[in-house]
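Dear colleague,

Please find the structure below, with the sequence alongside. My notes on what was found follow underneath.

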Amino acid sequence: MKKLAAIGLDTAKEKLISDLMELGAVQITDQSSKLVEDEIWKDFGVKDGNETEVASLELLINRVSLAMDTLDRFSTAKSPLFFTRRVMKKAEFAETLKNRDKIYQDVERVMALSEQRHKLKELINKKNTELTAIRPWAVYDLPLEIEETKHTMINLGVVPSAADMDALTQRIYDGREAVEMKEIGRDKDLIYLVVVTMKDQEEDVLTILKQHGYTPTPFKGFKGTPAENEKRLTGEISRCEKKCSEVEKEISSLYPLKPGIECLYDQLVMERDHEKTKERLLKTRRTFCLEGWVPETCMEAVNKSLLDNGCCFEYREPEDGENVPILTVNSSFVDPFEAITEMYSLPDYRGVDPTKYFALFYAMFFGIMLSDAGYGIVIAAACFILLRKFALEGMTYRMIKMFFYCGLSTVFWGALFGGWFGDFFQVAAKTVFHKEITINPIWFNPIDDPTRLLIWSLIFGVIHLFLGMGIKAGMLIKRGQWKDAVFDIFSWYMVITGGAMWLAGGSISQAIVKPGMYLAIVGAVILLLTGGRNNKGIGKVTGGLSALYSITSYISDILSYSRLLALGLATGVIATVVNTMGSLAGGGVFGTIVLLVVFVIGHTFNLAINALGAFVHSSRLQYIEFFGKFYEDGGDEFDPLRKNTKYIRITSDTDGGRK
């Protein structure tokens, strides 16, 4: 990365921002701190940008987004398995936006229908609430607008179902002849009452009722009996629901307008980003100042754009302590595995991108853990179809392509281990055709010889760890810390290699046992003598002991690779059990059907659960064991000014590929 600083005339600013957005190669940084820290800018400069314009565009974007969400909600079109942006030529995109005013009208039409539906839904909810309130009073036969006569008051209300009605009735009628309390109905929570009293006794009666939890139920605005109101409300709800359904169908019929609205949305986002970019600039009365990061490989194209717009500019190297954005560049094989790195954390700018080092190991570990060629064919074929059928982008594209490579690795290791949906073909031949067939592994069968796979798993683990340690040594040497590389890295090479030759070399040749012992001892002595070299006093001794004690950590790391054996065996054993279960029904038509049904269900489950395990544990071996040896993370992703579209992938008029 190079740090760019450019100054230009204010009249060229709009075109330059548009050109840089088209180029997508400059991450423009905010310079507002200069107005506080830089004496020159304090006096002559101000922050650029128009917050009002940005806010206005944000409101438009939100409204257009709501319109598209509404269309999606009531669309009858089948949703694709993966969302992908539509590819449009720049000229086609511009041609669509010539009808911008018409598209705005389409948006308002959709939003008007959405608001109409919302009001209808609110009305339906209100009517349903009223209907729920009126139904318990269905047997009450007086019009609800009649609340009193010349001498009496009529009160409708409820008491809790747990109320003591006998005690309430006795108190209401005690000493009063001109009072009538009638229970209209009840449910699990409430008792519905009608109470008729003389006007001069109403207050006393209501006081008694309230002492028993009475709550009045007024029906203000209602006319007619509850039964008549129930019928009226039911009809009104039905008509509103019918009208709401018609509005929803009309919204659904407008779905063909969505492609144009999508273009408008992306155009508004680009305009918003264009305006927001100005907020990162500084300006004087006639000039502007721009700063940002540019990848070294893009400098030529950026220079041309700056010169075309009459700018003066210069580049410099990143300074110590400066937060430099990260842009990783890898080969087509390695690039998909960047998804694994990104899920952990991007590397520090001054560190090392680990992706190109672990990509092959990741695919290899995945294949060993899944260890069935049949499963590998399924994964690779499914990923290949998805890659061909959908124009995938970003993380989704990387993950699918990575699993394609992992599927190929699984085919390779599965063939070496002799796993083809477990032993399905052997079982099927014996069960259905009553014939014995043999499919021999190219290398060996881990179920028959697990110790052999364990040994190779640990060997692969040591190679993986040694690579991580080698990367660390390279980083130290590059920074001039060659002593640290020798004492802290190469000494461990000696200890681990020598220890392996000493303890296990006898199974290969007795001739390497004694050299291995000497090599391990020399490495241990170096660790003891140099482990505390940066400490003082007794710390020089304890530091050496502490360094040597780290052998437990290395042993733990190496043993972690035994999970290659564990998951590989799990896949094979479960597959074999599934095939055995499928064969229990015997031969014939029925037995064949059972075998196939069990095959599909059982192997689908086994593939899903063990593919997930292979993914998780392959990632863990990178994150914990490998990254732990050298990785310096915490970088921020390079985020250039670009056409950050959501629905349309705009290509040049001569290019239809990814951009």
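**Cavity, pocket and sheet**

Two helices, α4 (51-73) and α6 (100-134), each contribute at least two residues to the lining of the largest cavity. Please keep in mind that this is a predicted model.

The lining of that largest cavity consists of Leu60, Arg63, Val64, Tyr104, Val107 and Glu108. By class, four of the lining residues are nonpolar and two are charged, with no polar residue in the set. The volume of the largest cavity is about 30 Å³. With a threshold of 30 Å³ or more, the count is one cavity.

The second largest pocket is the next item. What volume does the second largest pocket have? The space in it comes to about 900 Å³. The pocket is lined by 26 residues, and those closest to its centre are Ile496, Gly499, Ala500, Met501 and Ala504. Four elements give two or more residues each to this lining: α17 (450-478), α18 (482-504), α19 (513-530) and α21 (551-560). Which of them gives the most to the lining of the second largest pocket? That is α18, with nine residues. As for the classes in the lining of the second largest pocket, 22 residues are nonpolar and four are polar, while no charged residue takes part.

The last item is a sheet and the helices that lie across its strands. The sheet is open and has four strands in the order β6-β7-β5-β8, with antiparallel pairing. Its edge strands, each pairing on one side only, are β6 (179-186) and β8 (215-216). Strands β5 (residues 152-160) and β7 (residues 190-198) run antiparallel and are joined by nine bridges. To find the register in the model, start from threonine 152, which stands opposite methionine 198 in β7.

Which strands does helix α7 lie across? Helix α7 (residues 165-173) lies across β5, β6 and β7, and its direction is at about 155° to β6. Helix α8 (residues 202-211) likewise lies across β5, β6 and β7. The angle for α8 is given against β7, and is about 160°.

If you want to go through the model in order, here is a short list:

- Cavity: begin at Leu60 and Tyr104, two of the residues that line the largest cavity.
- Pocket: go to Met501, among the residues closest to the centre of the second largest pocket.
- Sheet: look at β5 and β7, with their nine bridges, then at α7 and α8.

Regards

Definitions and conventions. Residues are numbered from 1 along each chain as its sequence is written. This is a predicted model: local features need pLDDT of at least 70, side-chain atom pairs count only at pLDDT 80 or more; totals for chains, interfaces and linings use all residues. Side-chain values use heavy atoms; hydrogens and water are left out. On a 1 Å grid over the protein atoms alone, a cavity is a set of points where a 1.4 Å probe fits but cannot get out, and a pocket is an open set with protein on both sides within 12 Å along at least five of seven lines; lining residues have an atom within 4 Å of a point. Grid points are joined across faces, edges and corners, and a volume is the space filled by probe spheres set on the points. Ala, Val, Leu, Ile, Met, Phe, Trp, Tyr, Cys and Pro count as nonpolar, Asp, Glu, Lys and Arg as charged, and the others, Gly among them, as polar. Two strands pair if DSSP finds at least two bridges between them. Contact means heavy atoms within 4.5 Å. Axes are lines fitted to C-alpha atoms, for helices over the stretch in contact, and angles run from 0 to 180 degrees between N-to-C directions.
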